[in-house]
Amino acid sequence: MAASVLALAVALLLGASSRVDHGAAAAPVSEEGLQVTYGSTVKLMHEKTKVRLHSHDVAYGSGSGQQSVTGFPEIDDSNSYWIVRPTLDSSAKQGDAVETGSIIRLQHMRTRKWLHSHLHASPLSGNLEVSCFGGDGQSDTGDYWRLEIEGKDKVWKRDQKVRLRHVDTGGYLHSHNKKYNRLGGGQQEVCGVRDKRAENIWSTAEGVYLPVDESK
């Protein structure tokens, strides 16, 4: 059942107008107390600047040359949706809740590539570059991020403040007001930094939140 709901909702996200896209994302379940489960398709909002984590088929002109990741200020853009996936060796299934400390992957819905990081320098600030890399059949530990929930809650929920720490480099997913000149729409740099700052807090916003699988 959950898989059919997700398929329908993702089809709406890809094919509908931006207004319908935004409304359809919240349709499967009530927003109150929504949990982020594996298989959910969500937007991540940067708490400080309110941009959405974003990617599209444009490569960095420096560093790795991989697909770029930015912060995008517009809410209604389908290139800002990410699917929450477990790691390759995990026993977690679609519909399972995601707990603090879990290592997850985020797959870009449009291009199917994974949120990735490494030791290349980010273009604007010289921090750790964050990119999109791989695909459905290609993933490695460079795509692994540890979830750190702010506060006492143990299970990831919508609108909850979280940090994502890259497993290989120790860098927190981070953004700031440094903007790209060559990219339109006021897109800003997303990078990794190794220290905790207010600028590396995110929360889930719009999306398709699959209901928790209670069959276990």
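Lys196 and Glu148 form a salt bridge in which the closest N and O atoms are 3.9 Å apart; a salt bridge here is a side-chain nitrogen of Lys or Arg within 4 Å of a carboxyl oxygen of Asp or Glu. This pair links distant parts of the chain, with Lys196 in the loop between β11 and β12 and Glu148 in strand β8, 48 residues apart. The structure is a predicted model, in which local features need pLDDT of at least 70 and side-chain atom pairs count only at pLDDT 80 or more, while totals for chains, interfaces and linings use all residues. Residues are numbered from 1 along each chain as its sequence is written, and side-chain values use heavy atoms, with hydrogens and water left out.

**Overall architecture**

- The protein contains 2 helices and 12 strands; helices (H or I, at least four residues) and strands (E, at least two) are DSSP runs, numbered from the N terminus.
- Read from the N terminus, the order of elements is α-α-β-β-β-β-β-β-β-β-β-β-β-β.
- Of the 216 residues, 50% count as buried, where buried means under 20% relative accessible area, exposed over 50%, and partly exposed in between (1.4 Å probe, protein chains only).
- The protein exposes about 9400 Å², of which carbon and sulfur atoms supply 48%; accessible areas come from the Shrake-Rupley method with a 1.4 Å probe, and for residues only the protein chains shown count as cover.
- Among contacts between residues at least 6 apart in sequence, 69% join residues at least 24 apart, a contact being heavy atoms within 4.5 Å.

**Nonpolar core**

- The largest nonpolar core has 27 residues, and Leu53, Leu115, Trp156 and Leu173 touch the most other members; such a core is a set of buried Ala, Val, Leu, Ile, Met, Phe, Trp, Tyr and Cys residues joined through side-chain atoms within 4.5 Å.
- At least two residues of this core come from each of β1 (41–46), β4 (82–86), β5 (103–108), β7 (128–133), β8 (145–149) and β9 (162–166).
- The most is given by β8, with 3 residues.
- Beyond its neighbours within four places in sequence, Leu173 is in contact with Leu53, Leu115, Val130, Trp145, Leu164, Val190, Cys191, Glu199, Asn200 and Trp202.

**Buried polar residues**

- Ser55 lies in strand β2 (residues 52–59) and counts as buried because its relative accessibility is 1%.
- The side chain of Ser55 has a polar atom 2.6 Å from the backbone oxygen of Ser68; a polar contact is a pair of N or O atoms within 3.5 Å, where within protein one must be able to donate a hydrogen and the other to accept it, and residues adjacent in sequence count only if both atoms are side-chain atoms.
- The C-alpha atoms of Ser55 and Val69 are separated by 4.6 Å, although these residues are 14 residues apart along the chain.
- Not counting residues up to four places away in sequence, Ser55 touches Gln67, Ser68, Val69, Asn79, Trp82, His108 and Cys132.
- Asn200 is located in the loop between β11 (188–193) and β12 (202–208), and its relative accessibility of 0% is why Asn200 counts as buried.
- The side chain of Asn200 reaches the backbone oxygen of Asp195 at 3.0 Å.
- Leaving aside neighbours within four places in sequence, the contacts of Asn200 are His46, Val162, Arg163, Tyr172, Leu173, His174, Val193 and Asp195.

**Cysteines**

- The structure holds 0 disulfides, a disulfide being a pair of cysteine sulfur atoms within 2.5 Å.
- Cys132 is buried, with a relative accessible area of 1%, and Cys191 is buried at 0%.

**Salt bridges**

- A search of the whole structure finds 8 salt bridges.
- In the Lys196 and Glu148 pair, Lys196 counts as exposed at 51% relative accessibility, whereas Glu148 counts as buried at 17%.
- Lys93 forms a salt bridge with Asp96, the closest N and O atoms being 4.0 Å apart; Lys93 is partly exposed at 41% relative accessibility, while Asp96 is buried at 6%.
- Asp195, which accepts the side chain of Asn200 at its backbone oxygen, also forms a salt bridge with Arg197, with the closest N and O atoms 3.0 Å apart.
- Both partners of that bridge are partly exposed: Asp195 has a relative accessible area of 36%, and Arg197 one of 33%.
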